[in-house]
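Hi everyone, thanks for coming. I'd like to walk you through a structure that will be new to most of you, so let's put it up on the screen and take it piece by piece.

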Amino acid sequence: MTRINCPFPEEEEKEEEPPEEELDPKYVLKPPLDLRSKFLLQMEQREHDKELTEKKRIEEERRKEIEEFEKPPFDELHGLRLHAWVLIRPGKRDITEPFFIEPSTGYKYEISSTQYCGIESIWNDTNYWVNLQDCSNGLDKIDFDLSNVANWEHILVGEPIVWRKTKPNNDMDEDEMRLVEIHQEKHLDMPMPWSMAINIPHDVVQVRFPNGVRSTCYKRTLVEEFAPYVQDDGLVVRICRFKDLECSPDKLYIVEERYEHRHDHLTKVVEEIANGLITEYYSRGREDAAKVHKFFTLDNEAESPRTIEFYSKNRFDCMAKLELHNEWMTETYVDREDFFAYRHVKYAKRGCPPPGILEGPRRIVLNLLEKFNRNTSKKASDDIATREFAIIDKEIHLKFHYDKGKVTASSRDFIKPPMAEMGDRLVFNPELTSGYQAEIGGKPRQLNLFNLLEQQIKNEEESLKHVREIEDQVAEFVRLRDLERAVPKLVVSIFNREQNKEYKKGMLEREQQQKEHREREVEEETDFLSPYLAKLRNMLISESVAQKLRTDCLRDFKQLLVDRANDIQRQFEACTAEIQQKQQWYTQVLDTLTLIEEENYFKELNNAKFHLHTLEMRLTRHKELSGPRYEALANYLRTHPALSVIGDHNY
């Protein structure tokens, strides 16, 4: 049993409170008169204060009992043991408050921590300071300003350069200034360190703990730490929180796991043992832009209760939150261009469909409620605030935004005509609509109401289609998460020398294969006679046949050289004609060309001339190399084994 607080405190989720809207005091209603008895109110307040005082007293007694129970036993050496740890002082690296770092664990502790009883001295690479202050009241009462000689006595003469307020004389040259600095700084010669430089291999540093695993017991907490890539699922920290000091398994109430290098960007999983609630946290980078996923272990189906939060800026639809239940679904959006902000879908309970409707594989939608933010480019009476589609009742209810300085808002209700009466086109019946118009004298026209009804019917179809798409996305998300949990994948950096052994091995194998392929290409010579020999089909080659093979091969190669020269010559002539045509065109339209057209003309002309020069060089080089190439082929055929039957007198 340990009484040291865990360095991984339990994080509490903070709910963002919506900002309070400041109302114009001109339109704030005055509260009604309070006609209750003041005496009775005082008596109720007295009873309430009495109960509150009693509750605080019970809580204080409970806290003292816990402190007494958790109080460590008497220790004769308490405060007498010597220990060294690290002090981080403010002033650099954006540090505003001093704190401690325990070197045995690497964890950070506040200066008010009860683990440290007192400070005798502090030292660094510049000096050694002795503490002159009383530590009996706690280390948080100590002044850590080392320049205060009343609280800290330094052993070595002089103080660090950064503390000095004197400036060197600018009239001195560099040698004199260097000599002055040596005299100011040279107070004593420190001996050379006797120990050898510490050399820790990189792979040992990566392991971090013996065998890559370490378990530590803290107050009501058990922490298991793993080196990166030791666990196949990327687990680096597992924190088990208990309700008692003995860390009994039946008192476990929260298990928190932290991950690194996950391909699915999972960073943390928190499981509440009592109710089976699991909360998964993700970093940015997922294709679905998921941020937080909450669900229950015993009921993890697509239609089960769950909450998914998203990085709204990373989604094309700007969805920020999706809440699902057996009988409803809620979507929340942020900063959409169409000012859409909220959608609530109400489903029929499974097994209890509405009268006259058959239940299928999908849940039956009973009601759709949508909300919009204010669009200042529209009139308030035309800007919809809430829109409700009563699917079963075949009704549409609209509420519009409040105009500035108004206490009422317009509303409109529609009863959709039966499908049998709609036919190919919608028929408007004024008796099936009713509403309230906040603007005085602003009675809507029937044509506008007809267009509004027609638009809302289309919006209802689009909303239902969108709901089904969200259901498919949730089902796909649940299936993908099941796969990612079953077969986790880790991301390995190309700079990770230890974990990229397989990649390094594969790279060496590919290099070896490429090297062998290049060597084979050098060793294997091109056989110019192979196409001609293939026609003979393993026939015996007589002298006449061999002579014919040699003649055909030389003739075909000569024709190839001629054809190649003719092709280059044709390209050269075509390019020359194109240049002449461009120059003639430029001469004709010179006076009407703009600066941009003239610039484009010279650019095209330069490209054409460069291509012409390339063709000219290719043709010249082809003519120079044609003879030597033909002679080289003739010599090759003279020494070919298949033509050995030809005598030297026939060449």
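The largest cavity holds about 40 Å³ of space. Before I go on, please keep in mind that this is a predicted model. How many cavities of 30 Å³ or more does a search of the whole structure find? The answer is 1. As for how one looks for such a thing, rolling a probe the size of a water molecule over the atoms shows where empty space is left.

So what lines the largest cavity? On the list are Phe414, Ile415, Pro417 and Val427, together with Phe428, Asn429, Leu432 and Leu453. If we sort that lining by character, 7 residues are nonpolar, 1 is polar and no residue is charged.

Let's move to charged pairs. As a reminder, side chains of opposite charge can pair when their charged atoms come close. This structure holds 36 salt bridges, and I have picked out a few for you.

Start in helix 1, which covers residues 38-70. Here Glu61 and Arg57 sit 4 residues apart, about one turn of the helix. Their side chains meet in a salt bridge, with an N to O distance of 2.5 Å. Are these two buried or exposed? Somewhere in between: Glu61 counts as partly exposed because its relative accessibility is 38%, and Arg57 is also partly exposed at 38%.

The next pair reaches across the sequence. The side chains of Glu303 and Arg363 form a salt bridge at 4.0 Å, N to O. Glu303 belongs to the loop between strand 13 (290-296) and strand 14 (306-310), while Arg363 belongs to the loop between strand 17 (340-347) and strand 18 (365-372), so this pair ties together parts that are 60 residues apart in sequence. Look at how the two partners are covered: Glu303 is partly exposed, with 30% relative accessibility, whereas Arg363 is buried, with a relative accessible area of 5%.

Now take Arg362. Its salt bridge is with Glu471, and the closest N and O atoms are 3.0 Å apart. Which parts of the chain does this pair link? Distant ones: Arg362 is in the loop between strand 17 and strand 18, and Glu471 is in helix 5 (residues 446-486), 109 residues apart. Arg362 is partly exposed at 35% relative accessible area, and Glu471 is buried at 13%.

There is also a network of salt bridges to find on the screen. Its members are Arg262, Asp264, Glu280, Arg286, Asp288, Arg481, Asp482, Glu484 and Arg485.

Let's turn to the surface. Ile198, Ile200, Val204 and Val205 make a nonpolar patch of about 410 Å². One of them, Ile200, is in the loop between helix 2 (174-185) and helix 3 (202-207). Why does Ile200 count as exposed? Because its relative accessibility is 51%, and the cut-off for exposed is over 50%.

For contrast, here is Phe389, in strand 19 (residues 384-390). Phe389 is buried, with a relative accessible area of 0%. Between the C-alpha atoms of Phe389 and Leu464 the separation is 9.8 Å, although the two residues are 75 residues apart along the chain.

Another buried residue is Arg343, in strand 17, with 7% relative accessibility. Arg343 and Cys117 are 226 residues apart along the chain, and 58 Å separates their C-alpha atoms.

Last stop: two cysteines and their backbone angles. Cys247 is not a glycine, yet has a positive phi of about 55°. You will find Cys247 in the loop between strand 9 (235-242) and strand 10 (252-259). Cys318, not a glycine either, has a positive phi of about 60°. Cys318 lies in the loop between strand 14 and strand 15 (319-324), and counts as buried because its relative accessibility is 17%.

That's the tour, and I'm happy to go back to any part of it.

Definitions and conventions:
Residues are numbered from 1 along each chain as its sequence is written. This is a predicted model: local features need pLDDT of at least 70, side-chain atom pairs count only at pLDDT 80 or more; totals for chains, interfaces and linings use all residues. Side-chain values use heavy atoms; hydrogens and water are left out. Patches are made of residues with over 30% relative accessible area and no salt bridge: like charges are joined within 9 Å, nonpolar side chains (Val, Leu, Ile, Met, Phe, Trp, Tyr) within 5 Å. Accessible areas come from the Shrake-Rupley method with a 1.4 Å probe; for residues, only the protein chains shown count as cover. Helices (H or I, at least four residues) and strands (E, at least two) are DSSP runs, numbered from the N terminus. Buried means under 20% relative accessible area, exposed over 50%, partly exposed in between (1.4 Å probe, protein chains only). On a 1 Å grid over the protein atoms alone, a cavity is a set of points where a 1.4 Å probe fits but cannot get out, and a pocket is an open set with protein on both sides within 12 Å along at least five of seven lines; lining residues have an atom within 4 Å of a point. Grid points are joined across faces, edges and corners, and a volume is the space filled by probe spheres set on the points. Ala, Val, Leu, Ile, Met, Phe, Trp, Tyr, Cys and Pro count as nonpolar, Asp, Glu, Lys and Arg as charged, and the others, Gly among them, as polar.
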